[in-house]
Amino acid sequence: MAKPSLPQNVKFFSAILYKDLSFFEKAKSQLQGMYESFDLISDPYTFDMTDYYQEEMGSPLYRIICTHEKLFSPDYLVDMKITCNTIEDNFSINGKRTINIDCGYIDHNKIVLASAKGAGQKI
């Protein structure tokens, strides 16, 4: 029988959706200040898979995925999601978000995405 143990540290990522690059840069700076530096920042790509965010954020929208250099305990996911929501709120204009930050982590077996919306693949 397996014995309970603490989980290994995992690789966190942030997927930042934006219209205006300046808001991405500000969000990136805040995330790096709280969760260490990024070791990978993807090229931006057009986010056109859904129009879910268009009414709130406008278009065209872009996404950049960043991975955090330092490994953290999976327990940090809750704090990171709350932090991401706070950053989104801080950059909102007239109640509309200018950025959307999805955070999660990768371990040897899975990708976990934090969400405030219920769905089978989200926690």
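Six nonpolar, three polar and seven charged residues make up the lining of the largest pocket. Keep in mind that this is a predicted model. The pocket itself holds about 280 Å³ of space. Of its 16 lining residues, the closest to the centre are Y53, N100, D102, S115 and K117. As for who supplies the wall, α3 and β5 each put in at least two residues, and α3 has the largest share, with three residues.

Now for the loops. Which peptide bond is cis? That would be the one from S59 to P60, where omega is near 0°. P60 sits in the loop between α2 (54-57) and β4 (62-68). S59 also pairs up with D48 for a quick distance check: they're eleven residues apart along the chain, and their C-alpha atoms are separated by 9.0 Å. D48 belongs to the loop between β3 (45-46) and α2.

Another backbone oddity is N94, which has a positive phi of about 55° although it isn't a glycine. You'll find N94 in the loop that runs between α3 (76-90) and β5 (99-106).

Are these two loop residues, D48 and N94, buried or exposed? Here's how they come out:

| Residue | Relative accessible area | Class |
|---|---|---|
| D48 | 58% | exposed |
| N94 | 78% | exposed |

The cut-off for exposed is over 50%. N94 counts as exposed because its relative accessible area is 78%, and D48 earns the label because its value is 58%.

Note on methods: Residues are numbered from 1 along each chain as its sequence is written. This is a predicted model: local features need pLDDT of at least 70, side-chain atom pairs count only at pLDDT 80 or more; totals for chains, interfaces and linings use all residues. Side-chain values use heavy atoms; hydrogens and water are left out. Helices (H or I, at least four residues) and strands (E, at least two) are DSSP runs, numbered from the N terminus. Buried means under 20% relative accessible area, exposed over 50%, partly exposed in between (1.4 Å probe, protein chains only). On a 1 Å grid over the protein atoms alone, a cavity is a set of points where a 1.4 Å probe fits but cannot get out, and a pocket is an open set with protein on both sides within 12 Å along at least five of seven lines; lining residues have an atom within 4 Å of a point. Grid points are joined across faces, edges and corners, and a volume is the space filled by probe spheres set on the points. Ala, Val, Leu, Ile, Met, Phe, Trp, Tyr, Cys and Pro count as nonpolar, Asp, Glu, Lys and Arg as charged, and the others, Gly among them, as polar.
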